[in-house]
Amino acid sequence: MVKKSLMFVGLLVFAFFVTAPASAQAVRGVTDTEILIGQWGPQTGPAAPWGAVARGTDLLVKIINDEGGIHGRKLKYFLRDDSYMPAKTKAIAKEFVEQIGVFAVVGGVGVATGMTARDYLMENKVPWFSPVTGVYEWIHPIQKYLFAMYPLYDDEAFNLTGYLHEKLGYKKIAMFYQNDDYGKQGVMGVDRYLLKKNIKLVAKISAEVTDRDLSTHALKLRESGAEAVIIWTMPTHAALLLAETAKIGFKPQWATSNTLSDSALMMGITRGLWAGMINSFFSELPDSNHPLMVKYREAHKKYAPSERWGVFYYAGIAFAEPFVEGVRRAGRNLTTESWIKAMEGMKDFQGIGLPVTYAGLKDRQGGKHVFYGKVKPDGNIERLTDWIRITK
Amino acid sequence: MDIKRNYYEDIELFKSNTILVWSILFLIFLAILPLFIQKYHPLGLSLYIVNLITVHAIVAIGLNILVGFTGQISMGHAGFFALGAFTTVILILRWSFPLWIALPIAGFVSSAFGFILGLPALRLKGPYLAIATLGFGMTITTIIKHMEFFGGRMGLQAPKLELFGTPMKDIHYYYVIMIIAVLMTIGAVKLIKTRVGRAFIAIRDSDIAAEAMGVNLTYYKTLAFAVSAFYAGIGGGLYAFILGFINPESFHLIMSITFLAMVVVGGLGSVMGPICGATLMTFLDIKLQAIQDISLIGPALVTFSQKYMSIAGISNIAVIVYGLIMILIVLFEPLGIFGFWIRTKRYWKTWPF
Amino acid sequence: MFGQLVVSGLAVGACYALIAIAMVIIYKTSEVLNFAQGEMAMISTFIAFTLLETHQVPFPYALALTFLFAILLAVFFELVFLRQAKDPTVLGLIIITLGFEMVLMGFVGWKWGPDQRALPFPVSNIEAYNFYGLIISKINFWTLIVSLVLMFILFLFFRYTKLGIAMRATQQNQLAARVMGIRTKWIFSFTWALSSMVGAVAGMLIAALGVLDPPMMMDPLLKGFASGVLGGMTSLPGAALGGALLGVIENLFGGYVSLSFKSVVAFAIIVLMLCIKPSGLLAKHYVKKV
């Protein structure tokens, strides 16, 4: 009995070492006819509204393949749902590299989730184009294979405060933020600006991600007597706060980050209170006449008519366009190195998103611009400025 | 053969030579498993997933000592898990402890908190205990979130460990984690067979009767919490390294509930049960999300979604299937997957009767 | 500010109380901790949303149809899943409800997508009444009124109607109740239906207060559960009291001490209270015989 089993195991081990390893590809994820790319995004769970980004990228892939691909190669896109759970994100990253063998990772919403995958991707020399969050983690320290594009929250908040203070003349500014990475980096920017001008925030109120009752927060904001309040939260919290402040009769000038720039959605869930909001934007407006926007809107009608044409859906296109452009510029001879070289030479490239410029290994933060708009009572946006450079 | 003639025979780890042989074979299997997985990725498995499963199994074994053997409920094990993870990482980052010292310390820190949580458990039962433990789990993560010492909301990057001068990869972690898991499994089997384990079971069956028979409730209930938290702490410490980055947000209530589900689905009151449960639940959790990529079913689901549901939410099918599997296993096999195994074994033993 | 904090706290507490009551109704009769309560309420609210928004059904009819749906859903779950369990353990039942919670959550995400929405509701969540300087929004005011009325009706129901008495009898001794001619199986289904309806009311009020999206009931469910435990899981007035207390304590703590620890402190207080009175504020403590 014992002998038999041992022999069996011995055979297994033998079979194992004898089998020859599969031959390696020249460039991982690039064949004669295909380029494999992947993206994770929360399709389920509480963060699911951001999952639209990953589905938007799918639309861009379909458009490109319809036009014949890039230099004779079609894009093959793998979308994976990580439910915003870091353990799953890392599993997906491993699947991308070890099992599918992707050329690059595109997009990816979430800081805590992306951070579990960052070092792994970098160690395996997998290009990662633009995580869809504007935090410092992506560019400090600078990683050779990681290109960031999303405007930094810190700089965005810094400039938004400047806009409120200098252009619109508000002196008493308060901040309402979400207690996480995203909110914290917003606070950082606001504080940095006000410190420079030697003024203090009149109130700094934070909400936990799970909070659903913001009446106390609203009361505290009213007590502070702020003239303008900067919101740095998720849509739900912004809507709850606007309702709570409206009923206690507190009506400051609101301003918010580009994370809440989906004004159609926000108008709906705030029942019209969103009007008058000053908002920063990272891409063209949904009804823009920009030729590319017209083209994408048509493709949207053709391929994914049931998707809502929201800002975060076509953000999936905006944050993948420079990647595609890099692949195009790298030419038929596409390797990781040639792509990186093409990206590093990119100067003021602009699709439907913000202009993107990279400079060698010194600067991996490509996106440095936003523009401001004001939400009109009908939900459309009045453009207040042109693209403004926020990162010096 | 099943009759035990003395106490030492009962607490023996291997009841017969057959079991001993099979155990050794199983260990050999575990030793060569990573080579196999790395090469062929059966069922889409990767070493990372196996590591994750093993870590979850460690936590589930510990939770089962509390839930399955002592009859207490804990909905806050993510708290202990977080404590283990953050303690290990901080000990290594700030004071450069070696892993083999930091990990047990993390375990003991967790079990100290387990002891504290065990105190209210002396008086609380059922839903009351559930809410107390749930609150505990949430409090721990909130406190971690608000202390810059723990990296605040940004979380902490786990240091890169080295083995003989080369950075550790998944396969090295596999052996480290597996050795610890095997040791802790043996520990759990031993614990249950000794006086302590009998006391736990007596408390589960009736704490008043147990007390009347001379079982010190205060001691054993808090001990059960402490032991269980120790397992969760060790698991958390290892989790930090396979993930590479820990953030307090990810140790939420859903995690506690998943641990509980692993134990119940696997089988309450056995050591193998939680291992099966952790394997199945973790595997499903990670692999189900590709459900619409399966040929044949996939396109059908897509058309169905377009017609009657929403295409944006198609990934939710995975959540539905996951929930249904949980329900069905508990419905039809109250003893969990392990109960199914026992039944099959009995069926074959007595076949054809 | 103190008065305002208390008033807001009471309004939030009323929502917690409704969920607590829904959970207590079930726990009282069948000793099942129903973790699917929140998602059952959520899916009912989504049904109400579809009726009101997509099909433009007038509110009273939409309400009636939503209740009908809530009843069917609960009875379906009780009959098809819970009753089929063979000798279930307490934990096994909890896992079944958790599994059902996931199924419902997944279904809603699949059917309606992940986007947030606003529930069209006859009472505005923006306008407010002003009682001598104390501001209470219309929706909060009506939440309070609705919960008080509902609690009163439930109280009368359990006290004076035959069905209510039968439910209490089933809770105290199932076997004896059956001997006395009570169809205990019917009673269980009825319990679930009643609880699901109360939950649906809570769901609609919570959605009307803020935003309608799949995870909207996660936090309220926990708080509702906590309120139920605080008041004693077998006492309806206890659940109401627990909800009100929890809402007020939370708000006062948030207002005067710390906003960040607001949610957590509620649990800490509950644990402390439970240590003093292990079966909640208003429930009787039964000592089990061996």
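Domain bounds here come from an automatic or database domain assignment. The model is predicted.

**Exercise 1. Domains of chain A**

Task: Find how chain A is divided and how far apart the C-alpha centres of its domains lie.

Solution.
- Step 1. Read the bounds. Domain 1 of chain A covers 34-151 + 288-361, and domain 2 covers 153-281 + 373-389.
- Step 2. Take the C-alpha centres of the two domains. They lie 28 Å apart.
- Step 3. Look at the contact. Domain 1 of chain A gives eleven residues and domain 2 of chain A gives 13 residues.
- Step 4. Sort the side of domain 1 that touches domain 2 in chain A by class. Eight residues are nonpolar, three are polar and none is charged.

**Exercise 2. A strand and its partners**

Task: Decide whether strand E6 of chain A is mostly covered or mostly open, then find the strands that pair with E6(A).

Solution.
- Step 1. Count the buried residues. In E6(A), residues 173-178, six of six are buried, and the strand is mostly covered.
- Step 2. Recall a rule. Side chains in a regular strand alternate between the two faces of the sheet.
- Step 3. Check each face. One side of E6(A) holds Ile173(A), Met175(A) and Tyr177(A), the other Ala174(A), Phe176(A) and Gln178(A), and all of these are buried.
- Step 4. Take one partner strand. E6(A) pairs with strand E8 (residues 228-232) of chain A in the parallel sense, over five bridges. Met175(A) has Ile230(A) as its bridge partner there.
- Step 5. Take strand E7 (residues 203-207) of chain A. Five bridges join E7(A) to E6(A), and the two run parallel. Ala174(A) has Ala203(A) as its bridge partner in E7(A).
- Step 6. Trace the chain. From E6(A) the path passes through helix H6 (residues 181-197) of chain A to E7(A), a right-handed β-α-β crossover.

**Exercise 3. Testing a helix**

Task: Compare the expected span of helix H4 of chain B with the distance between its end C-alpha atoms.

Solution.
- Step 1. Find the expected span. H4(B) has 19 residues (77-95), and at 1.5 Å a residue it should span 27 Å.
- Step 2. Compare. The end C-alpha atoms of H4(B) are 27 Å apart, which agrees.
- Step 3. Ask about burial. In H4(B), 15 of the 19 residues are buried, so the helix is largely enclosed by the rest of the structure.
- Step 4. Step past the end. Just after H4(B), Ser96(B) takes a positive phi of about 40 degrees.

**Exercise 4. Where chain C touches chain B**

Task: Describe the side of chain C that touches chain B.

Solution.
- Step 1. Count. In this contact, 44 residues of chain C meet 41 residues of chain B.
- Step 2. Name the elements. Helices H4 (90-112), H9 (218-231) and H11 (262-276) of chain C each give two or more residues to this side.
- Step 3. Find the largest share. H4(C) supplies it, with 17 residues.
- Step 4. Sort by class. This side of chain C has 32 nonpolar, eight polar and four charged residues.

**Exercise 5. Unusual backbone spots**

Task: Are Tyr84(A) and Asp348(A) buried or exposed?

Solution.
- Step 1. Place Tyr84(A). The residue sits in the loop between strand E2 (74-81) and helix H3 (86-100) of chain A. Its phi is positive, about 65 degrees.
- Step 2. Count neighbours. A residue is buried at 20 or more other C-beta atoms within 10 Å. Tyr84(A) has 24, so it counts as buried.
- Step 3. Place Asp348(A). The loop between helix H13 (336-344) and strand E11 (369-375) of chain A holds this residue. Its phi is near 50 degrees.
- Step 4. Count again. Asp348(A) has 8 other C-beta atoms within 10 Å and is exposed.

Methods: Residues are numbered from 1 along each chain as its sequence is written. Chains are lettered from A and ligands numbered from 1 in the order in which they are written. This is a predicted model: local features need pLDDT of at least 70, side-chain atom pairs count only at pLDDT 80 or more; totals for chains, interfaces and linings use all residues. Helices (H or I, at least four residues) and strands (E, at least two) are DSSP runs, numbered from the N terminus. The expected span of a helix is 1.5 Å times one less than its number of residues. A residue is buried if 20 or more other C-beta atoms lie within 10 Å of its own, exposed if 12 or fewer, and partly exposed in between; C-beta atoms are placed from the backbone. Two strands pair if DSSP finds at least two bridges between them. A crossover is right-handed if, with the strands pointing away from the viewer, the path from the first strand over the helix to the second runs clockwise. Two residues are in contact if their C-beta atoms, placed from the backbone, lie within 7 Å. Ala, Val, Leu, Ile, Met, Phe, Trp, Tyr, Cys and Pro count as nonpolar, Asp, Glu, Lys and Arg as charged, and the others, Gly among them, as polar.
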